[in-house]
Amino acid sequence: MAMSSSSPMDRLMTLDNIEKDIATVLQSAGQALTELSKDKPANKQVEAHVTQFRQTLTNVETELAKQINYLTQVSTGQAHEGSSYNSQKTLQMAMHRLDHAKTRVNELEAIKTKHLQILQQHQLQKQQGMQQPPQPL
């Protein structure tokens, strides 16, 4: 089954199976270590647990690699049926740019207001200076 044609439920089931395999890997490792910790370990049981550990671990690595490959394809914007990731990413970036533009406009508005106040103060001071008679020396 190709990753690009599988449904979200299929992918979730695959991830669930990988999770179960990881539990099996840990269980096999634990059983092998338990057997090795005995005074007289049974070599055949240790080998069986180690073999199951290796086989399951190889399967986990293969399946995780497939999942990572799939996620890489989806996240790079390649065409994928049923995926809305690229659209969501584009929308999120547009919203971020809009928020930044609003913030910048507000900053510019504050700077404009400050400069208008300073200009009004200078004009007022200039008018007051013209109204006062010259002071004698």
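**Exercise 1. Find how helices α1 and α2 run relative to each other.**

Solution. Helices α1 and α2 are roughly antiparallel to each other. The model is a predicted one. Here is the reasoning, step by step.

- Step 1. Pick the two descriptors. Two packed helices are described by the angle between their axes and the distance between the axes.
- Step 2. Locate the helices. Helix α1 covers residues 8–36, and helix α2 covers residues 43–75.
- Step 3. Read off the values. The packing angle is about 155 degrees, and the axes lie 8 Å apart.
- Step 4. Apply the cut-off. Angles over 145 degrees count as roughly antiparallel. The pair α1 and α2 is therefore classed as roughly antiparallel.
- Step 5. Add the handedness. The α1 and α2 crossing is left-handed.
- Step 6. Sort the residues of this contact. There are 14 nonpolar, 10 polar and 4 charged residues where α1 meets α2.

**Exercise 2. Decide whether Ser28 and Thr56 are buried or exposed, and list what each one touches.**

Solution. Take one residue at a time. The cut-off for buried is under 20% relative accessible area.

- Step 1. Place Ser28. Ser28 sits in helix α1.
- Step 2. Check its accessibility. Ser28 has a relative accessible area of 1%, so Ser28 is buried.
- Step 3. List its partners. Setting aside neighbours within four places in sequence, Ser28 contacts His49, Gln52 and Phe53.
- Step 4. Place Thr56. Thr56 belongs to helix α2.
- Step 5. Check its accessibility. Thr56 has 12% relative accessibility, so Thr56 counts as buried.
- Step 6. List its partners. Apart from residues up to four places away in sequence, Thr56 touches Asp21, Thr24 and Val25.

**Exercise 3. Describe the whole protein: its secondary structure, its buried share, its contacts and its surface.**

Solution. Work from the helices outwards.

- Step 1. Count the elements. The protein has 3 helices and 0 strands. Along the sequence the pattern is α-α-α.
- Step 2. Find the buried share. Of the 137 residues, 12% are buried.
- Step 3. Look at contacts between residues at least 6 apart in sequence. Of these, 60% join residues at least 24 apart.
- Step 4. Take the surface. The protein exposes about 11,500 Å², and carbon and sulfur atoms supply 57% of that area.

Note on methods:
Residues are numbered from 1 along each chain as its sequence is written. This is a predicted model: local features need pLDDT of at least 70, side-chain atom pairs count only at pLDDT 80 or more; totals for chains, interfaces and linings use all residues. Side-chain values use heavy atoms; hydrogens and water are left out. Axes are lines fitted to C-alpha atoms, for helices over the stretch in contact, and angles run from 0 to 180 degrees between N-to-C directions. Helices (H or I, at least four residues) and strands (E, at least two) are DSSP runs, numbered from the N terminus. Angles under 35 degrees count as roughly parallel, over 145 as roughly antiparallel, 65 to 115 as roughly perpendicular and the rest as oblique. A crossing is left-handed if the near helix is turned anticlockwise from the far one by less than a right angle, and right-handed if clockwise. Ala, Val, Leu, Ile, Met, Phe, Trp, Tyr, Cys and Pro count as nonpolar, Asp, Glu, Lys and Arg as charged, and the others, Gly among them, as polar. Buried means under 20% relative accessible area, exposed over 50%, partly exposed in between (1.4 Å probe, protein chains only). Contact means heavy atoms within 4.5 Å. Accessible areas come from the Shrake-Rupley method with a 1.4 Å probe; for residues, only the protein chains shown count as cover.
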